[in-house]
Amino acid sequence: MGLRGGETRAHPQPVVKASSLDFPLDGATVVIVDDVLYTGRTVRAAIEAVFDYGRPAHVRLAVLCDRGHRELPIRADVVGKNLPTSRAERVRVHLGEDDAADEVVLERSSA
């Protein structure tokens, strides 16, 4: 898929399916949990999605790793580890049943 200016996307875009919530969000406290906080764009999209379902009293953000390099004015309320990185590095989080170990790996990007 092409972008403006003739650029192509580095990764294919995900297929977006319909979603629903079985409970009201109005007046509730919503906690968004993310593995790595980087530019803030993913969190912004999550906040926008939350407000599509109602108007919560509070939205809080908890992240496992905060690597900096924010492009939007977003700050986590709870941070597991501040992990200073360069833009040339990549943070990979391995958790749960599918990964052999619970770990955070910092690797040099090939690009």
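Does histidine 69 count as buried, exposed or partly exposed, and at what relative accessibility? Histidine 69 counts as partly exposed, because its relative accessibility is 25% and the partly exposed class runs between 20% and 50%. The residue is found in the loop between β2 and β3. Its backbone is notable too. Phi of histidine 69 is near 65 degrees, a positive value in a residue other than glycine. Keep this loop in mind; the text comes back to it.

Start with the whole chain. This is a predicted model. The protein holds 1 helix and 5 strands. Read from the N terminus, the order of elements is β-α-β-β-β-β. The C-alpha trace spans about 45 × 35 × 30 Å along its principal axes. The protein has 111 residues, and 22% of them count as buried. It exposes about 8500 Å². Carbon and sulfur atoms supply 51% of that area. Among contacts with a separation of 6 or more, 47% join residues 24 or more positions apart.

Now the sheet. Strands of a sheet pair through backbone hydrogen bonds, either parallel or antiparallel. Here, an open sheet of 3 strands has the order β1-β2-β3, and the pairing is parallel. β1 (29–37) and β3 stand at the edges. Each has a single partner strand, so one side of each is left without a neighbour in the sheet. On average, neighbouring strands of this sheet are turned by 15 degrees against each other, direction ignored.

Look at the pairing of β1 with β2. β2 covers residues 58–66, runs parallel to β1 and is joined to it by 8 bridges. One place to find this pairing is valine 36, whose bridge partner in β2 is cysteine 65. Helix α1 (residues 41–52) packs on the sheet and touches β1 and β2. The direction of α1 makes about 160 degrees with that of β1.

The helix itself can be checked by length. α1 has 12 residues, and at 1.5 Å a residue it should span 16 Å. Its end C-alpha atoms are 17 Å apart, which agrees. Just after α1 comes glycine 54, with a positive phi of about 155 degrees.

Next, the interior. In soluble globular proteins, nonpolar side chains tend to be buried together. The largest nonpolar core of this model has 11 residues: Leu25, Val30, Ile32, Leu37, Val43, Val50, Leu61, Val63, Leu72, Ile74 and Ala76. β1, α1 and β2 are the elements that give two or more residues to this core. β1 gives the most, with 3 residues.

Three core members show how the pieces meet. Valine 30 lies in strand β1. It counts as buried because its relative accessible area is 12%, and the buried class is under 20%. Beyond residues up to four places away in sequence, valine 30 touches Leu25, Val50, Pro56, His58, Val59 and Arg60. Glutamate 71 is another matter: it sits 41 residues from valine 30 along the chain, and their C-alpha atoms are separated by 23 Å.

Leucine 61 comes next. Leaving aside neighbours within four places in sequence, leucine 61 is in contact with Ile32, Leu37, Val43, Ile74, Arg75, Ala76, Asp77 and Val78.

Leucine 72 takes us back to the loop between β2 and β3. Not counting residues up to four places away in sequence, leucine 72 touches Thr39, Gly40, Arg41 and Arg44. The C-alpha atoms of leucine 72 and proline 24 are separated by 28 Å, with their positions 48 residues apart along the chain.

Two more sites complete the tour. Glycine 27 lies in the segment before β1. At 54% relative accessibility, glycine 27 counts as exposed. Its contacts, leaving aside neighbours within four places in sequence, are Arg55, Pro56 and Ala57. Glycine 27 and glutamate 48 are 21 residues apart in sequence and 16 Å apart in space, C-alpha to C-alpha.

Threonine 85 lies in the loop between β3 (78–82) and β4 (89–94). Although it is a loop residue, threonine 85 is buried, with a relative accessible area of 12%. Leaving aside neighbours within four places in sequence, threonine 85 is in contact with Arg67, His69, Val91 and Leu106. That list includes histidine 69, the partly exposed residue of the opening question.

Definitions and conventions:
Residues numbered from 1 in each chain as written. Predicted model: local features only at pLDDT ≥ 70, side-chain atom pairs only at ≥ 80, totals over all residues. Heavy atoms only, no water. Helix = DSSP H or I, 4+ residues; strand = E, 2+ residues; numbered from the N terminus. Buried < 20%, exposed > 50% of the residue type's maximum accessible area, 1.4 Å probe, protein only. Contact = heavy atoms within 4.5 Å. Pairing = 2+ DSSP bridges. Axes fitted to C-alpha atoms, helices over the stretch in contact; angles between N-to-C directions. Expected span 1.5 Å × (residues − 1). Core = buried A, V, L, I, M, F, W, Y, C linked by side-chain atoms within 4.5 Å. Areas by Shrake-Rupley, 256 points an atom, 1.4 Å probe, with all protein chains shown as cover.
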